[in-house]
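Let's take a walk through this model together, with the viewer open beside the text. Please load the coordinates and follow along.

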Amino acid sequence: DNPQQITDTNVAFTPTEVVTQVLWTERAVQVIKGNFARLLAKSFAESIEYFRDTEILALFDSFAGIAGAAGTALHHGLVAAAVSAVREGRAATVTSGTPVGRTGARATGDLPLGQPISVVIHERNRYDLSVQYGGLVAAGTAMGVATAQSATTVIGQTKFNQQWLEDHFANFTIQGAKCYVDNNLTIDSAEDVKGGVFAEQALQLVAFMGLQDYITRTTDGRAHLQTNWVDYAVGEYDAAWGRELYVDATAPAG
């Protein structure tokens with residue numbers, strides 16, 4: 001009785017080349033063991049992937065909302081709240097450990113229905129979670145300063161705690177969201193870090209051309225010019241499908 005037209009928003013992504021290049025002499029090959037060209041190609045590939053990763057991580061800062069605050073140690077409840085906010089499309093900002101009423105209209109736009117949710121944190125944040133799940137801090141309690149952790153009451157091991165320990169803190173989920181550790185996240189001068197909680201399609205990677213490797217000899221025959229490059233674009237499809245995870249990243253005191 002009420003037919004409507006289905007529409008979508010056109011979001012433009014413009015691929016750009018990222019290039020590494022080195023000139024190495026035939027003489028260098030004679031004094032270096034192993035396949036020099038292959039060693040260079042591996043190094044180039046790693047540097048390109050590092051660059052690409054940091055470009056994607058920088059997009060967290062423009063998500064439509066923040067979970068946490070400067071100086072807030074990461075804890076289970078904060079991550080779970082951010083995951084819930086992304087999944088249900090409600091409050092854009094999640095306060096750091098302060099309960100808020102389940103009120104407010106759903107965010108404008110479409111929900112990330114059926115999309116897997118991911119959580120990206122720093123190694124120092126994983127430390128905070130491991131201490132919490134290990135039983136030194138009650139679940140749902142903010143960590144506080146690392147030096148105070150030994151004074152807290154030890155809680156019993158739950159099945160979740162045990163699973164966490166068995167997985168060596170490397171492969172885990174919170175509120176159904178897969179968690180990843182990425183140490184390419186930048187820790188600022190105040191020792192805080194910006195991670196992210198986001199739906200699968202919130203960020204897009206358009207691979208226009210995969211990794212290319214090309215070697216040519218100079219005209220005098222004395223040297224080789226080796227070039228590696230990729231051509232891709234990264235960008236945000238929907239900022240409302242993500243939350244910046246702004247938390248403390250002070251070095252663990254043990």
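**A guided tour**

Glutamine 175 has a relative accessible area of 41%, so it counts as partly exposed. A word of context before going on: this is a predicted model. Glutamine 175 belongs to the loop between β4 and β5, and its backbone deserves a look, since phi is positive, about 55 degrees, although the residue is not a glycine. As background for that, most residues other than glycine have a negative phi. A second case is glutamate 191, a residue other than glycine with a positive phi near 60 degrees. You will find glutamate 191 in the loop between β5 and β6. With a relative accessibility of 33%, glutamate 191 is partly exposed.

From these loops, please turn to helix α3, residues 76–88. How well does its length fit the expected rise per residue? Its 13 residues, at 1.5 Å each, should span 18 Å, and the C-alpha atoms at its ends are indeed 18 Å apart, so the two agree. Right after α3 comes glycine 89, with a positive phi near 70 degrees.

Which residues of α3 are buried? They are Leu78, Val79, Ala80, Ala82, Val83, Ala85 and Val86. It helps to recall that an α-helix has 3.6 residues a turn, so residues three or four places apart point the same way. The buried residues of α3 pack against a set of strands: β2 (66–68), β3 (117–121), β4 (172–174), β5 (177–181), β6 (192–199) and β9 (242–248).

That packing leads us to the nonpolar interior. The largest nonpolar core contains 33 residues, and those with the most contacts inside it are Phe60, Leu74, Val119, Ile174, Val197 and Leu245. Two or more residues of this core come from each of α3, β3, α4 (123–136), β4, β5, β6 and β9. The element that gives the most is α3, with six residues.

Phe60 is a good place to move on to the aromatic rings. The structure holds five aromatic pairs. In one of them, phenylalanine 60 meets phenylalanine 198 in a tilted arrangement, with the ring centres 5.4 Å apart and 40 degrees between the planes. This pair joins distant parts of the chain, 138 residues apart: phenylalanine 60 is in the loop between α2 (36–58) and β2, while phenylalanine 198 is in strand β6. Are these two rings buried or exposed? Phenylalanine 60 is buried, with a relative accessible area of 1%, and phenylalanine 198 is buried as well, at 12% relative accessibility. Ring pairs also bring in Phe63, linking Phe60, Phe63 and Phe198 into a cluster.

Strand β3 is the next stop, and two of its residues lead back to phenylalanine 198. Serine 118 lies in β3 and is buried, with a relative accessible area of 15%. Apart from neighbours within four places in sequence, serine 118 is in contact with Lys178, Tyr180, Gly196, Val197 and Phe198. Valine 120 is also in β3, and its relative accessible area of 8% makes it buried. Setting aside neighbours within four places in sequence, the contacts of valine 120 are Leu57, Phe60, Tyr180, Asp182, Leu185, Gly195, Gly196 and Phe198. How far apart are valine 120 and lysine 178 in space? Their C-alpha atoms are 8.7 Å apart, although the two residues are 58 apart in sequence.

Rings also take part in arrangements with charged side chains. The charged end of arginine 52 sits over the ring of tyrosine 232, 4.7 Å from the ring centre. Similarly, lysine 194 places its charged end over the ring of tyrosine 246, 5.5 Å from the centre of that ring.

Our last stop is histidine 224, in strand β8 (residues 223–236). Its relative accessible area is 10%; the cut-off for buried is under 20%, so histidine 224 is buried. What does histidine 224 touch? Not counting residues up to four places away in sequence, the list is Val22, Leu23, Trp24, Glu26, Ile215, Thr216 and Arg217. With arginine 217, the side chain of histidine 224 also makes a polar contact of 3.4 Å, side chain to side chain.

Key
Residues numbered from 1 in each chain as written. Predicted model: local features only at pLDDT ≥ 70, side-chain atom pairs only at ≥ 80, totals over all residues. Heavy atoms only, no water. Helix = DSSP H or I, 4+ residues; strand = E, 2+ residues; numbered from the N terminus. Expected span 1.5 Å × (residues − 1). Buried < 20%, exposed > 50% of the residue type's maximum accessible area, 1.4 Å probe, protein only. Contact = heavy atoms within 4.5 Å. Polar contact = N/O pair within 3.5 Å; in protein donor to acceptor, adjacent residues only side chain to side chain. Core = buried A, V, L, I, M, F, W, Y, C linked by side-chain atoms within 4.5 Å. Phe/Tyr/Trp six-rings, centres within 6.5 Å; stacked < 30°, edge-to-face > 60°. Lys NZ or Arg CZ within 6 Å of the ring centre and 35° of its normal.
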